[in-house]
Amino acid sequence: REYGLFEAYRLEDADRAVVMIGSAAGTTKDAIDRLREKGEKVGLLKIRLYRPFPAEAIAEALKNVKAVAVMDRACILKFYEIPLFPFLFMVKSAEQP
């Protein structure tokens, strides 16, 4: 088995994507499959490694996505303390020429 920095699930033609880390990705895949059956173009990007954060690779994987939902189980009220969310700002920076 080979594990990459992240897993892209049904992102090829997705308009919307869920970005998450952890075991909830399995349930999310089931939800994505059901939405796909209804014609929704959704996908999943499951982060496997976030230090060092693969911002450029993630930016490439999400380049055609119009909307992103960041799902993080950390229960902290300040967004900048949530483990995953701040790293996604790096993705936006990686998109800039």
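# Exercises on strand order, burial and contacts

Glutamate 7 is found in strand β1, which spans residues 6-9. The exercises below concern a predicted model.

**Exercise 1.** Determine whether glutamate 7 is buried or exposed, and state which residues it touches.

*Solution.* Step one is the accessibility. The relative accessible area of glutamate 7 is 18%. Buried means under 20%, so glutamate 7 is buried. Step two is the list of neighbours. Leaving aside residues up to four places away in sequence, glutamate 7 touches Lys29, Leu44, Leu45, Lys46 and Arg48. Step three singles out one of these: the side chains of glutamate 7 and arginine 48 make a polar contact at 3.1 Å.

**Exercise 2.** Give the numbers of helices and strands in the protein chain, and the pattern they follow along the sequence.

*Solution.* The protein chain contains 3 helices and 4 strands. Read along the sequence, their pattern is β-β-α-β-α-β-α.

**Exercise 3.** Establish the order of the strands in the sheet and identify which strands stand at its edges.

*Solution.* Begin with the order. The 4 strands form an open sheet in the order β1-β3-β2-β4, and the pairing is mixed. Then consider the edges: β1 and β4 each have a single partner strand, so one side of each has no neighbour in the sheet. Direction ignored, neighbouring strands are turned against each other by 15 degrees on average.

Next, take the pairs one at a time.

- β1 and β3 run antiparallel and are joined by 4 bridges; here tyrosine 9 stands opposite leucine 44 of β3.
- β2 and β3 run parallel and are joined by 6 bridges; here arginine 16 stands opposite valine 42 of β3.
- β2 (residues 16-21) and β4 run parallel and are joined by 5 bridges; here alanine 17 has valine 68 of β4 as its bridge partner.

Finally, add the helix. Helix α1, residues 25-37, packs on the sheet and touches β1, β2 and β3 (42-47). The direction of α1 makes about 165 degrees with that of β3.

**Exercise 4.** State how many residues of β3 are buried, and which residues lie on each side of the strand.

*Solution.* First, the count: 6 of the 6 residues of β3 are buried, and the strand is mostly covered. Second, the sides. In a regular strand the side chains alternate between the two faces of the sheet. In β3, Val42, Leu44 and Lys46 are on one side, while Gly43, Leu45 and Ile47 are on the other. These residues are all buried, and both faces of β3 are therefore covered. For the protein chain of 97 residues, 31% count as buried.

**Exercise 5.** Locate methionine 71 and find its C-alpha distance to valine 18.

*Solution.* Methionine 71 has its place in strand β4, residues 67-71. Its relative accessible area is 44%, so methionine 71 is partly exposed. Methionine 71 and valine 18 are 53 residues apart along the chain, and their C-alpha atoms are separated by 7.0 Å. For the chain overall, among contacts with a separation of 6 or more, 71% come from residues 24 or more positions apart.

**Exercise 6.** State how many aromatic pairs the structure holds, and which charged end sits over the ring of tyrosine 9.

*Solution.* The number of aromatic pairs is 0. The ring of tyrosine 9 has the charged end of lysine 29 over it, at 5.3 Å from the ring centre.

Key: Residues are numbered from 1 along each chain as its sequence is written. This is a predicted model: local features need pLDDT of at least 70, side-chain atom pairs count only at pLDDT 80 or more; totals for chains, interfaces and linings use all residues. Side-chain values use heavy atoms; hydrogens and water are left out. Rings of Phe, Tyr and Trp (its six-membered ring) pair if their centres lie within 6.5 Å; planes under 30 degrees apart count as stacked, over 60 as edge-to-face and the rest as tilted. A charge sits over a ring if NZ of Lys or CZ of Arg is within 6 Å of the ring centre and within 35 degrees of the ring normal. Helices (H or I, at least four residues) and strands (E, at least two) are DSSP runs, numbered from the N terminus. Buried means under 20% relative accessible area, exposed over 50%, partly exposed in between (1.4 Å probe, protein chains only). A polar contact is a pair of N or O atoms within 3.5 Å; within protein, one must be able to donate a hydrogen and the other to accept it, and residues adjacent in sequence count only if both atoms are side-chain atoms. Contact means heavy atoms within 4.5 Å. Two strands pair if DSSP finds at least two bridges between them. Axes are lines fitted to C-alpha atoms, for helices over the stretch in contact, and angles run from 0 to 180 degrees between N-to-C directions.
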